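Please open the structure in a viewer and set the display to cartoon with side chains available on selection. The tour below proceeds from one selection to the next.

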Amino acid sequence: MAKTFLQAEWKKLAMANYKVDPKLLLPFLPLKTELDFWKNTCYVSLVGFMFQDTKIKGFKIPFHTDFEEVNLRFYVRFKDNDKWKRGVVFIKEIVPKHALTFVANTVYGENYETMPMAHNWTIDSDKQVIEYKWRKKTKWHSIKVQTGLDLLEIDEGSEEEFITEHYWGYTKINNSKTSEYGVEHPKWYVYKTVDYNIDVSFGDIYGQTFSFLDNVNPTSVFLAEGSLIEVKDGKTKTVHNSGLAKVAVQCFV
């Protein structure tokens, strides 16, 4: 059983989900994974949330326990001994701490970028407004969701279940190597969305491949309450010139 690398609370996850042409994602697809679809729809998701009470290998790092993250991700699956693992691949993850970016990029081959970030949670007697903001150069980008306060169970087979129930992370290290790690958390609850506003220049943040998202509405937007999560130690998957797959464990320490 893999050991726990990171433990934290992921809270108030604002998720905006966009239908995209699968061909756009093929250059980002890690080795041995394939795109995962919900009702023949291929999604990318813009996700903003809070890390709270973060621990690395059981230890709290001063000034790095509570912080925002915003990421753009898509959905894949990987076949392991005739069993499908459903996971996510991140186009980019934005955080406000340079140390997080340095470790993620240099040690684990992720695509993190450090930017000034802020969040605003306004919770009233009958509604809540959850907003995450990040700045590149002089422009602030943001995702804001307004919901009611009633927590709702996620229906089996629903779009919300598809978006939230991926428990593996995959990273394209290069054309012959993929990293894999597990993420454990209970099934989340969601809130009913009343309104939302997304102000993002996708091309500036994520590259011109995704600039078209500036002018399209998301298929759905919802807010998940979140929970305690555990990210497990990872491993790399390598293919040699022979084409035979070889799996080697690489602990994230």
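The stops that follow cover strands, aromatic rings, charges over rings, loops and a pocket.

The model is predicted: local features need pLDDT of at least 70, side-chain atom pairs count only at pLDDT 80 or more, and totals for chains, interfaces and linings use all residues. Residues are numbered from 1 along each chain as its sequence is written, and side-chain values use heavy atoms, with hydrogens and water left out.

**Stop 1: strand β3 and its partners**

Select residues 43-56, which make up strand β3. Helices (H or I, at least four residues) and strands (E, at least two) are DSSP runs, numbered from the N terminus. Of the 14 residues of β3, 10 are buried; buried means under 20% relative accessible area, exposed over 50%, and partly exposed in between (1.4 Å probe, protein chains only).

Now add β1 (4-19). β1 and β3 are antiparallel and share 11 bridges, where pairing requires that DSSP finds at least two bridges between two strands. To locate the register, select E9, whose bridge partner in β3 is Q52. Next, show β4 (residues 67-80), which is joined to β3 by eight bridges, again in the antiparallel sense. Here V44 has F74 of β4 as its bridge partner.

**Stop 2: the loop between β3 and β4**

Select K57 and F63. Both K57 and F63 are found in the loop between β3 and β4. Most residues other than glycine have a negative phi. The phi of K57, however, is near 55°, and that of F63 is near 70°. K57 is partly exposed at 31% relative accessibility, while F63 is exposed at 69%.

**Stop 3: aromatic pairs**

A search of the whole structure finds 11 aromatic pairs. Rings of Phe, Tyr and Trp (its six-membered ring) pair if their centres lie within 6.5 Å; planes under 30 degrees apart count as stacked, over 60 as edge-to-face and the rest as tilted.

Select F28 and F210, a tilted pair with 5.7 Å from centre to centre and 40° between the planes. F28 lies in the loop between β1 and β2 (33-35) and F210 in the loop between α3 (202-206) and β15 (220-232), so the pair ties together parts that are 182 residues apart in sequence. F28 is partly exposed, at 28% relative accessible area, whereas F210 is buried, at 1%.

Move to Y43 and F162, also a tilted pair, with 6.1 Å between the centres and 45° between the planes. Y43 belongs to strand β3 and F162 to helix α2 (residues 159-164), and the two are 119 residues apart. Y43 is buried at 2% relative accessible area, and F162 is buried at 3%.

To finish this stop, select W10, F49, F51, F67 and W188, which ring pairs link into a cluster.

**Stop 4: charges over rings**

A charge sits over a ring if NZ of Lys or CZ of Arg is within 6 Å of the ring centre and within 35 degrees of the ring normal. Select R77 with W84: the charged end of R77 is 3.8 Å from the centre of the W84 ring. Then select K133 with W140, where K133 lies over the ring face at 5.2 Å from the ring centre.

**Stop 5: a four-strand sheet**

Which order do the strands of this open sheet follow? The order is β7-β8-β9-β14, with antiparallel pairing. β7 (117-123) and β14 (193-199) stand at the edges with a single partner strand each, so one side of each has no neighbour in the sheet. Select β9 (residues 139-147) together with β14; six bridges join these antiparallel strands. One position to label is T147, whose bridge partner in β14 is T193.

**Stop 6: the largest pocket**

Select F5, L6, F51, Y112 and V231, which lie nearest the centre of the largest pocket among its 38 lining residues. On a 1 Å grid over the protein atoms alone, a pocket is an open set of points where a 1.4 Å probe fits, with protein on both sides within 12 Å along at least five of seven lines; lining residues have an atom within 4 Å of a point. Elements that each supply at least two lining residues include β1, β3, β4 and α2.
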